[in-house]
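Work through the exercises below with the sequence and the structure in view. Each task is followed by its solution.

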Amino acid sequence: MQATGFDAWALSLVVFLPLIGAIVMMVIPKAEEELHKMVAMAASLAALAVGIYVLINFDYDASGELQFVVDKSWIDVINSRYIIGLDGLSLPLLVLSLAVVPLCVIYSWHHIPEPGNPKAFLILILILGTGMNGTFVSQDLILFFVFFEIVLLPMYFMIGVWGGENRQYAAIKFFLFTLFGSALMILSFLALFFLADGTLAGTTANTFDMRALPTAATVISTTTAVWIFGGMFMGFGIKVPMFPFHTWLPDAHTQAPTVGSVILAAVLLKLGTYGFIRIAIPILPGAAVEWAPFIGLLAVIGIIYGALGCLAQTDMKRLIAFSSVAHMGFVMLGIATLTDFGMNAAVFGMVAHGLITGMLFFVAGSVKDRYHTLEIARLGGLLKQAPKMGWILGFATMASLGLPGLAGFWGEFPAILAAYQPADALSEETFRTYMVIAAVGTVLAAGYLLWLFQRTAFGEPSDEFADEPIDDVIPTEWMAWSPFLLGIVVLGVYPNLLFSITDDTVVNIAELVTAAAGG
Amino acid sequence: MTLLAIFERPAIDWHAFAPEVVLLCALLLVLLLDIIFDERARQIIPTVAGAGLLGALLPVVTLAVDGQDRFMFDGAFAVDDAALVLKALFLISGYVVVLLSIDYIRDGDYYENEYYTLLMSSLLGMLMIASSRDLVSMFVALELLSIPAYMLAAWRKGGPTSNEAGIKYYLMGVFASAVMLYGMSLLYGVAGSTRFVDIGVAVSGSDASPFVVLAILFVVVGFAFKVSAVPFHSWAPDTYEGAPTPITAFLAVASKAAGFVALLQLVFVAFAGRSDVIEPLFWILAALTMTVGNLIALRQENIVRMLAYSGVAQGGFMLVPFAVSGDAGDTAITAIVTYLIIYAFMNLGAFGVVMAVARKTRSGQISSYGGLFSYAPGLAVAMTVFLASLAGIPPLGGWFAKFVVIQSLFDAASVSSAILGVIFAVNTVIAFGYYARVLREMWFSPVPDGDSTPIKVPAAIATALVLTAVATVVSGVLPQLVGRFGDISTSLAL
């Protein structure tokens, strides 16, 4: 069922067009700043255009099946193949990642952070794009791993070179945490390779093929599978990040330049949650059942801890970062229920969080540009000085706290609801307890977000900035932000747009869980 | 008289010998040019040397195309796929070293002609060691590659550190040779033959005879010096720091690879039946080498010393598959050869950047790399590629090298291999610590003396950097290109 004609090239183009752009930019002299911006824009838009082609030609009636599949030999020595494909689970995240990159390039047009050098900055963004897109379409564990890791170095440099005061510490912390997780993850992948029996799925005995592994891995005993799952849990869980591995996130977010924070929040964190739904659960559903209560527990701890963390923050960016921990807790809770309903909610939560938190970081970045501080105590009266930006901030905080009618609601509410009725193999009592705790979390979320909005936007501008002219939203900001705002509204009003795409794939995965628990 | 009558010249397959012959001819040509034209020949000597190395690559390719295993001298000299892969590796590394040497040696006004002659003799020894399947030919090849290297290490005659480098390397090397030779004599005593195949049969039959164990121990220890495995590594940092930098690159890559090639043949052919001795021995060597090398590397302030210790640690990573040689078999050979190939490119590249930067800063301190990205972005990116690859970060070559090593451990699937795997993983993370320090200096720190005039990279070094950087990236993105060579090298064990 391989794709033919242009379809066979579509996904590869989506993945590698940004990289080609980056390579072109490498040979252009550093001084040609405008040209660099144009090339970066062109490359990311070209990838987006192919992405739209994919979006149009995607067969929505068969969204549970992989489409645009390419299966070519890659590393024969270790039986790893270049397999890429797209189904209803990957599609929304791929589109999100494709859209975020050009928007970040637009935003960077007038916002290249200190110490400048747009050439290097934009090249890093494009390389990030290749890594993220590649991760969402890979259907081979090693290919997935390579793309998963490609994002590490560019983000490390982005934080370390263009970041805030404490950037070096944040950069190395981000790097070491993630590296540690991926080391364990690759061990799990290797264990799957050696222990699973690919002949069951009609391929070679040892295989990294993600399409074959759910069948092939049925021969692995549950005890072993629990260990293997543990390795992946570390790899993906650190990336999400789950409590207690979240400590890298506030540092990285706070220190990263605006665009770095946006990409980190909008896409990079999703690589972890995507990994759970795409790899860990379908391949080892039995072990997932064993792990689920524990994951659910960490998820709700994350929700409460993130919310309490938010209340204690004095820095706007750091507050948003902690709110990410809480929101990703909802996503993980949805995943931990192991039901189709919960995982649908999780995917929705990922996209919604990507849009909303991305938006919040954009606003935070622009506030920092104008006030040169993000100290909440020193801000205030944003609605007076820059009303449009103030209202956008208000809109994003409302969306973030889960106001019905905006996208955030459809990520949180169904996740909580799913915890009421987890998969059959899981304990109802446990998950209903989680449900209650998570519900408390939403109240806290409303608290810290409204408090943030109130302290920064309401009232009179503080004395030190009262006389300073503060620009309102500028055109490049409008261009970069309006797709985010639009997405938040559209998905909020018509959530089925997303649910209908993800549902088939997620139902298949939930069935694997049911089968594993029953058998 | 009777002796002469009995002696018959063994049949010589000239095609099989062609790489060595071509290199020998080029070497003699360099020598002759020097004698005849004296100073006037200086301009073309490096070109001739480089051409000679590439010329020797030609018969390697034709032999590979021919694909036939050839044996000579009663099996003492073999040309099979494994040997060809390794010969090609030595020749290409040698060529890169020549590229790195040109400006360094010319600017330093060192004895150019002799330099290239010795470099080529050492490479000739390496070509031979890849083919030797017998104790005598291996020892001769080893001495042929070592003795010129002792002299090259002391090439900066004026500098006391270089003299120290040469002397230390020489004394340690000779001591190691002596120990090894003693082990070899014991082996001959046990087996009654110097061929690896016969030794393999003899030692695997013997029950835990102390002679065999002692012999294996001595021979392995001898080569452990060569590959600077802990605790036999103490010469390496001083020698690396004192020697001319291109020679440091040569020692760290080609000479170390030669040691590993010899170990490969010994472990997988001669000692194949004695994994009960080999595995624990290498387990300890590998664990010590990785850990000690990494921990000391963390504390280095000088980039060459840091690379020296990182080289020790990387050697430890390469020793890991030996520790599962019995259980993993072919996977272990694939892993070692693949690692050697990728390591050669990334490490040579790193030394190339060090040389290019030193032309401006005249310093080997890691702190002198501050702000490199701001005034020499090309070099900074190249160094990032090499160091990230050494650290094993995808999609750069090093990840695949590390991956195949872990794969061999998994293939062995024993408790001891699992523990070694954990040590390996921890070390990989530690290693990132010191590579990241250089990255941090280059990207995040300001220029230390405020002098941000761009660096002029000579064409030869630039060529070497492009070559190694492309190889490093490509071997990570399309690992099959390198993995294939690792895979066919398992012909060794046949």
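**Exercise 1.** How many helices and strands does chain B have?

*Solution.* This is a predicted model. In it, chain B holds 21 helices and two strands. The mean pLDDT of chain B is 89, and 97% of its residues reach 70 or more. The model as a whole has ipTM 0.88 and pTM 0.92.

**Exercise 2.** Compare the radius of gyration of chain B with that of a compact globule.

*Solution.* Start from the length: for 494 residues, a compact globule would have a radius of gyration near 23 Å. Next take the value for chain B, which is 22 Å and therefore agrees. Then look at the extent along the principal axes, where the C-alpha atoms of chain B fill a box of roughly 75 × 60 × 40 Å. Finally, consider the interior: 61% of the 494 residues in chain B are buried.

**Exercise 3.** Describe the side of chain A that touches chain B.

*Solution.* First count the residues: chain A gives 22 to the contact and chain B gives 23. Then find the elements of chain A that supply at least two residues each: strand E1 (67-75), helix H5 (141-150), helix H6 (152-162) and helix H7 (167-195). H7(A) has the largest share, with seven residues. Sorted by class, this side of chain A has 18 nonpolar, two polar and two charged residues.

**Exercise 4.** Which helix of chain B gives the most to the largest nonpolar core?

*Solution.* The core has 422 residues, and those with the most contacts inside it include B:Tyr339 and B:Leu340. The helix is H15 (residues 330-361) of chain B, with 21 residues in the core. For B:Leu340, set aside the neighbours within four places in sequence; the contacts are then B:Leu89, B:Ala257, B:Phe260 and B:Met318.

**Exercise 5.** A:Leu338 and B:Asp74 each have a positive phi. Is A:Leu338 buried or exposed? Is B:Asp74 buried or exposed?

*Solution.* Place A:Leu338 first: this residue, not a glycine, has a phi of about 60° and sits in the loop between helix H13 (316-336) and helix H14 (340-371) of chain A. A:Leu338 is buried, because 30 other C-beta atoms lie within 10 Å, and the cut-off for buried is 20 or more. B:Asp74, with phi near 60°, lies in the loop between strand E1 (70-72) and strand E2 (77-79) of chain B. B:Asp74 counts as exposed, because it has 12 C-beta neighbours inside 10 Å.

Methods: Residues are numbered from 1 along each chain as its sequence is written. Chains are lettered from A and ligands numbered from 1 in the order in which they are written. This is a predicted model: local features need pLDDT of at least 70, side-chain atom pairs count only at pLDDT 80 or more; totals for chains, interfaces and linings use all residues. Helices (H or I, at least four residues) and strands (E, at least two) are DSSP runs, numbered from the N terminus. Ala, Val, Leu, Ile, Met, Phe, Trp, Tyr, Cys and Pro count as nonpolar, Asp, Glu, Lys and Arg as charged, and the others, Gly among them, as polar. The radius of gyration is taken over C-alpha atoms; the globule rule is 2.2 Å times the number of residues to the power 0.38. pLDDT is the predictor's confidence in each residue, from 0 to 100. A nonpolar core is a set of buried Ala, Val, Leu, Ile, Met, Phe, Trp, Tyr and Cys residues joined through C-beta atoms within 7 Å. Two residues are in contact if their C-beta atoms, placed from the backbone, lie within 7 Å.
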